[in-house]
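Hi,

Here's the structure I said I'd pass on. Have a look at it first, and then read my notes below.

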Amino acid sequence: MVLTETSDEEIFQAVIVAVHVRENIEINGGDDVDEDIPVEPRPVRHDVLKASSTIIRYLEDWNDPIARKMEAILGSFKF
C-alpha cells in the first residue's frame, strides 16, 4: 500500500494496534529476545589467527586445488 493512499483512519488504527501489542508484550509471550542469556563476545584477532593456522595445517595434507585456495584465503588473515 502506498502511503499517499493510506487514510488517516488506517494510520490511526495501525498505531492503536501497535500500542496495544507493545502494552501486552509479556502476555503475548515476549519479544523473542532472552535478555537473561549472555551474549557471547566475538573472538579477538589472536583467536582468529590461531584458528586459521590450525585449519591451514589441516589442509596441508589435502591434495586438492580447493585446499590451496582455502590456505590462501586463510593466510590473508595474517595482515
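**The patch on the surface**

Let's start on the outside: Ile11, Val15 and Val19 together make a nonpolar surface patch of about 220 Å². Keep in mind that this is a predicted model. One member of that patch, Val19, sits in helix H1, which covers residues 8-23. Val19 counts as partly exposed because its relative accessibility is 39%, and that class lies between the 20% and 50% cut-offs.

**The whole protein**

Stepping back, you'll find 3 helices and 0 strands, so reading along the sequence gives you the pattern α-α-α. The protein has 79 residues, and 10% of them count as buried. Its accessible surface comes to about 7,400 Å², with 61% of that belonging to carbon and sulfur atoms.

**A residue on the inside**

Now for Ser52, which you'll find in helix H2, residues 45-59. Is Ser52 buried or exposed? Its relative accessibility is just 4%, so Ser52 counts as buried; the cut-off for buried is under 20%.

And what does Ser52 touch, once you leave aside its neighbours within four places in sequence? The contacts are Leu74 and Phe77. Take Leu74: along the sequence, Ser52 and Leu74 are 22 residues apart, yet in space the C-alpha to C-alpha distance is 5.6 Å.

If you want two places to click on, try Val19 in helix H1 and Ser52 in helix H2.

Cheers

Terms used:
Residues numbered from 1 in each chain as written. Predicted model: local features only at pLDDT ≥ 70, side-chain atom pairs only at ≥ 80, totals over all residues. Heavy atoms only, no water. Helix = DSSP H or I, 4+ residues; strand = E, 2+ residues; numbered from the N terminus. Buried < 20%, exposed > 50% of the residue type's maximum accessible area, 1.4 Å probe, protein only. Contact = heavy atoms within 4.5 Å. Areas by Shrake-Rupley, 256 points an atom, 1.4 Å probe, with all protein chains shown as cover. Patch = residues over 30% accessible without salt bridge, like charges linked within 9 Å, V, L, I, M, F, W, Y side chains within 5 Å. Salt bridge = Lys/Arg side-chain N within 4 Å of Asp/Glu carboxyl O.
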